[in-house]
Structures are given as C-alpha cells and as structure tokens.
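Please open the structure in your viewer and keep the selection panel at hand. The tour proceeds from a single residue to the whole chain and then to the ligand.

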Amino acid sequence: MVFKKNFLWGGASAANQYEGAYASGNRGLSAIDVLTNGSNESARKVTWENNKGITGETPLIWGEEFDLPENITLKEIPGYHYPSQHGTDFYHHFKEDIKMMADAGFKTFRMSISWSRIFPNGDDKEPNQNGLDFYDQVFDECLKYKIEPMVTLCHYDTPLSLVQRYGGWSNRILIKLFDRYVNTVFNRYKNRVKYWTTFNEINAMDLCPYMGGGLMHPTPENIARGAHNQFVASAKAVKAAHSINSKMQVGQMLAYSPQYAYTCDPKDQIEVMKAQRTSLFYADVQVGGRYPEYRLNEYKKQNIRLDDSPEDYELIKNYTADFLSFSCYGSTVMTTHQQEKGSSGNLGVNSINNPYLETNAWGWSLDPDCLRLALNTLWERYHKPLWIVENGLGWDDKLNSDNTIHDDYRIKYLRSAVKSMSEAVTLDGVDLMGYTLWTPIDLVSNGTGEMKKRYGLVYVDCDDKGNGTMKRYKKDSYSWYKRVIASNGEDLGLINK
Ligand code: BG6
C-alpha cells in the first residue's frame with residue numbers, strides 16, 4: 001500500500017473565495033472585500049476614498065511594490081465588482097457541496113473561517129452568534145459524512161476594521177485580538193475540528209503583504225514586524241489548542257515550490273537559494289522554532305527593528321507547529337542571465353519560463369515532479385509530518401450543452417501529482433498526512449479575481465462579474481478523483497479506461 005490507511009484525501013477552499021454572503025448574518029468586511037476583480041492583463045485593485053471625498057484605486061500585484069495613500073478609508077466604490085464578496089455562495093450551498101464531497105469519498109475538507117464573521121470588527125466585545133451558528137452547521141454537516149474538517153483561521157481576510165485602524169499585522173495589537181478569536185473558535189469547535197492552520201501561505205507576508213497581513217504600508221520594517229507578530233500569534237494558537245483539547249493539532253501553512261537554476265552558473269544557484277528563503281524562513285521560525293541567521297543579518301543590514309519581547313522567542317521555541325502543510329502548484333526558474341521574466345505562479349515572482357514544461361493560460365508551470373521535490377526538501381529540513389493542502393490546475397473549463405465538462409487536462413495534471421507524491425512516500429520515505437487538492441467546487445481566483453480561472457472538480461455557473469445561477473455540474477475529474485480515493489491512490493487510470 002502506498003498511502004497510510006487513514007490518509008486524508010480531500011479538497012481545499014477559502015472563505016474569501018468561496019463562502020460569499022458577505023453582508024449576511026452580521027458579518028463584517030474583510031481586507032479582501034475591497035479588492036476588485038482583475039485578469040491576466042490587469043491587476044486586482046484595492047479601492048478607497050480620501051478625506052476630501054475623492055475615490056481611488058491601488059493595483060495589487062504579487063511581488064511588486066504596493067503602498068496606499070495616507071488618510072484614506074478603504075471602501076467599496078459603486079461601479080466596481082468585488083468578487084470575494086460573493087464567492088460561489090458556499091454559504092447557501094454548503095449542504096449540497098459537502099454531500100458532493102462525501103459522494104466522492106472525501107476524508108477531509110479544508111476550509112477557512114472568516115474572522116470577520118465571528119468578530120465583525122476584529123475587536124468586538126462579544127462574538128457574532130450568527131457566525132458561530134453558521135460554522136456549527138457546516139462542521140456538523142461534514143461530520144455527518146465522516147469528513148474531517150481542516151480549518152484555516154485566516155486565509156487572506158484580516159478584518160477590514162483592523163487594517164484601517166491599525167494598519168494590519170505590523171501592529172502587535174493584532175496578536176491579542178487574534179488570540180481572542182482563536183480561543184473563541186477553539187473552545188466552540190474543540191470536539192468537532194481536530195486539524196487547524198493559522199495563516200494561509202504565511203510567507204505571503206513577503207510577497208503580497210496586503211493579502212498576507214492587511215498591511216497598508218508595507219515597508220521592509222512593517223513586513224518584518226507583520227511576520228514576527230504572526231509567528232507569535234501562531235505559537236500562541238498551538239499553546240491554546242493543546243491546552244483546550246490535547247487532540248487538536250495546529251500546523252503551519254506555507255506556499256512552497258521547487259525552484260530551479262536556469263544555468264549551472266553558480267550565480268543562478270545563489271538566486272535559487274535566495275528565492276527559496278522567502279518561503280523557508282517562515283518554516284525555519286514557525287516549524288523550526290528559531291530565527292535563522294540569514295534573516296537576522298538582513299534585518300541588521302537594513303536597520304530593521306522588530307517590536308518584540310523576550311517572551312516572544314520563548315513562545316516561538318516552545319510551541320512550534322504540529323505539522324507542516326503547504327501549497328504547491330508547480331515550480332519556478334531563477335537566473336541572472338535574462339532580464340525578461342515570464343512565468344507566473346503563486347511563487348513566480350522574478351521567475352522565467354521553463355523550456356521543459358508546459359504552462360496554463362496564466363503562465364503557471366505544469367511540473368509533474370514538483371510534489372516529490374517539495375516533499376523531500378521540506379521533510380529533510382524539518383522532519384515534521386507534511387500535508388499537501390493545495391495543488392491543482394486553473395483552466396477556463398467549458399460547460400457543454402449536455403452539462404458535461406471534459407477536463408482531461410486536469411485529470412492528467414492531478415494524475416502526475418498523485419504519482420509524484422506517491423514516489424516521495426514509497427521511494428523517499430516522507431511522512432505525508434494528506435492531500436487536499438484545490439478545489440472541490442469552482443471558486444473565485446485569488447490572484448486575478450476571475451471565475452474563469454477554474455480549479456474545481458465541480459463547475460459552478462458563475463461568470464467573471466458574478467452573474468449566473470450558481471448551479472453545480474460535476475466535471476470528469478470528479479469521477480476520476482472518486483476512483484483515486486476509493487483505491488487509496490492505487491488506481492490512477494483515466495476515466496473510461
Ligand atoms: C494559493 C492560495 O496561493 O493559490 C489560494 O492559497 C489560491 O487562495 C490558489 O486560490 C490558486 O491561486 P489563483 O490565483 O489561481 O486563485
């Protein structure tokens with residue numbers, strides 16, 4: 001047998017892209033609710049109004065400089081479309097959607113709680129009962145089918161009020177406010193949710209600090225402080241979880257991709273090393289329990305001062321993550337030999353195209369070996385149980401007139417992904433807990449805010465402007481994945497074969 005008997009097969013999602021119903025049940029706004037839609041050619045934008053009543057927008061591009069003007073109020077502006085507000089309406093479809101996951105044999109479902117559904121302003125005196133009741137129902141529905149919920153506490157959706165008033169995670173006050181939120185949901189769901197992670201792709205703090213930490217002014221010092229505060233908050237979450245129910249586990253969630261040198265010039269290899277550290281620094285601290293020298297040297301050189309205390313480092317050392325979960329969609333290529341950067345991907349900053357690999361329409365590489373490579377790097381460095389919590393293929397799927405969707409390209413991609421991780425388990429001996437592909441049901445793309453960049457096993461009738469019936473239609477990949485799960489990863493055959 002390749003995978004453990006209790007291997008956690010399933011799918012992953014995020015409230016800000018899936019849940020919708022942003023104005024229902026007394027939910028407050030989050031940072032991502034003021035982010036417009038975009039496309040491959042045009043960036044998503046954060047919208048605002050200044051103190052003279054003039055409205056404006058600031059483009060948000062991963063890996064590129066971003067700074068909001070002073071004296072503005074982040075807000076929705078009429079005429080713009082804000083796709084995260086509507087997602088694909090999990091809020092009203094959760095029973096139907098979870099049933100489809102159960103029918104496919106899911107053992108787990110990764111989702112996130114919207115912090116501003118529990119504390120609409122981030123610092124309210126009492127939690128919002130409507131929000132707590134909603135997640136009660138969702139978890140009960142999962143458990144009805146013996147699906148283990150796996151919950152991200154913050155998936156790019158810091159409450160907007162905390163962003164506006166404190167400038168996001170660069171302010172230490174967020175550690176305290178997050179701790180209240182975390183304790184509220186841990187106590188409420190302690191007998192229903194065993195697996196948790198704190199911040200989705202925590203290293204997004206370096207690459208897109210507005211998403212990662214609600215930073216309005218991401219100077220290098222604010223970014224460093226934001227990361228530090230999230231490390232302390234994560235350690236506190238591990239501590240709280242273990243004391244509330246010793247069965248609960250809190251993992252790290254990291255964006256990680258293998259990175260290749262374009263040439264054998266040692267300078268290219270140095271580029272790879274530096275690029276790798278934008279991810280591995282975060283695991284070195286949250287999983288390894290200490291700040292690595294290379295980052296401390298950088299802080300010194302840039303005169304960056306953290307707003308820290310000696311107790312922070314005790315927490316970081318004593319309450320490391322219980323497991324290391326990560327997203328991995330492909331790989332990237334680094335070089336000093338070409339100026340022109342081509343390839344994309346969630347870690348594609350400064351990357352060029354890999355001549356050996358195909359890409360999708362958004363420039364994300366399709367690398368059949370990326371999971372084996374990623375699993376080995378992370379296993380060798382940390383020796384903590386690993387969990388692939390995101391992997392999948394974004395494609396502009398077409399719904400046929402007979403309501404079918406023939407996504408053989410996705411089956412091909414997922415098939416090589418399962419093969420790659422099975423090699424890491426059988427040949428290399430990594431300890432892999434589970435695989436939750438992105439995503440069971442189509443949802444809004446995080447990077448572009450589009451609907452047409454679809455990842456789901458199930459198609460949702462909704463277009464880039466949020467129009468559509470929201471009806472669900474199973475794609476061919478749904479049946480394929482069902483067979484994979486039923487055979488615990490042994491049967492990777494194509495459908496109809
Ligand atoms: C990951 C994020 O980076 O990639 C998800 O955690 C996101 O939120 C996924 O949806 C795919 O990216 P995109 O931009 O294609 O939606």
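**First stop: Arg372.** Select Arg372 in this predicted model and display its surface. Arg372 has a relative accessible area of 26% and therefore ranks as partly exposed, since that class lies between the limits of 20% for buried and 50% for exposed. Now colour by secondary structure: Arg372 belongs to helix H13, which covers residues 370–382.

Which residues does Arg372 touch, leaving aside those up to four places away in sequence? Show Ser420, Glu423, Ala424, Leu427 and Asp428 as sticks, for these are its contacts beyond that range. Then pick the C-alpha atoms of Arg372 and Glu423. The two residues stand 51 positions apart in sequence, and the distance between their C-alpha atoms is 6.6 Å.

**Second stop: the whole protein.** Zoom out and select the full chain in cartoon representation. The secondary structure amounts to 15 helices and 17 strands. Rotate the C-alpha trace onto its principal axes, along which the protein extends over about 60 × 55 × 50 Å. For a chain of 497 residues, a compact globule would have a radius of gyration near 23 Å; the value for this protein is 21 Å, which agrees with that expectation.

Next, colour the residues by accessibility. Of the 497 residues, 61% count as buried. The accessible surface of the protein is about 19300 Å², and carbon and sulfur atoms contribute 48% of that surface. If contacts are drawn as lines, consider those with a separation of 6 or more: 74% of them join residues 24 or more positions apart.

**Third stop: the ligand.** Select the ligand and expand the selection to the surrounding residues. How many residues surround the ligand, and which are the closest? There are 14, and the closest are Glu201, Asn446, Gly447, Lys453 and Tyr455. By class, this shell comprises 4 nonpolar, 7 polar and 3 charged residues.

Finally, display polar distances from the ligand's oxygen atoms. Begin with the backbone: an N or O atom of the Asn446 main chain is 2.7 Å from a ligand oxygen. At Gly447, a polar backbone atom likewise lies 2.7 Å from an oxygen atom of the ligand. Turn then to Lys453, where an N or O atom of the side chain is 2.7 Å from a ligand oxygen. With the protein surface switched on, note how much of the ligand is covered: the protein takes up 98% of the 380 Å² of accessible area that the ligand has on its own.

Key:
Residues numbered from 1 in each chain as written. Predicted model: local features only at pLDDT ≥ 70, side-chain atom pairs only at ≥ 80, totals over all residues. Heavy atoms only, no water. Near = heavy atom within 4 Å. Polar contact = N/O pair within 3.5 Å; in protein donor to acceptor, adjacent residues only side chain to side chain. Areas by Shrake-Rupley, 256 points an atom, 1.4 Å probe, with all protein chains shown as cover. Nonpolar A, V, L, I, M, F, W, Y, C, P; charged D, E, K, R; others polar. Helix = DSSP H or I, 4+ residues; strand = E, 2+ residues; numbered from the N terminus. Buried < 20%, exposed > 50% of the residue type's maximum accessible area, 1.4 Å probe, protein only. Contact = heavy atoms within 4.5 Å. Rg over C-alpha atoms; globule rule 2.2 N^0.38 Å.
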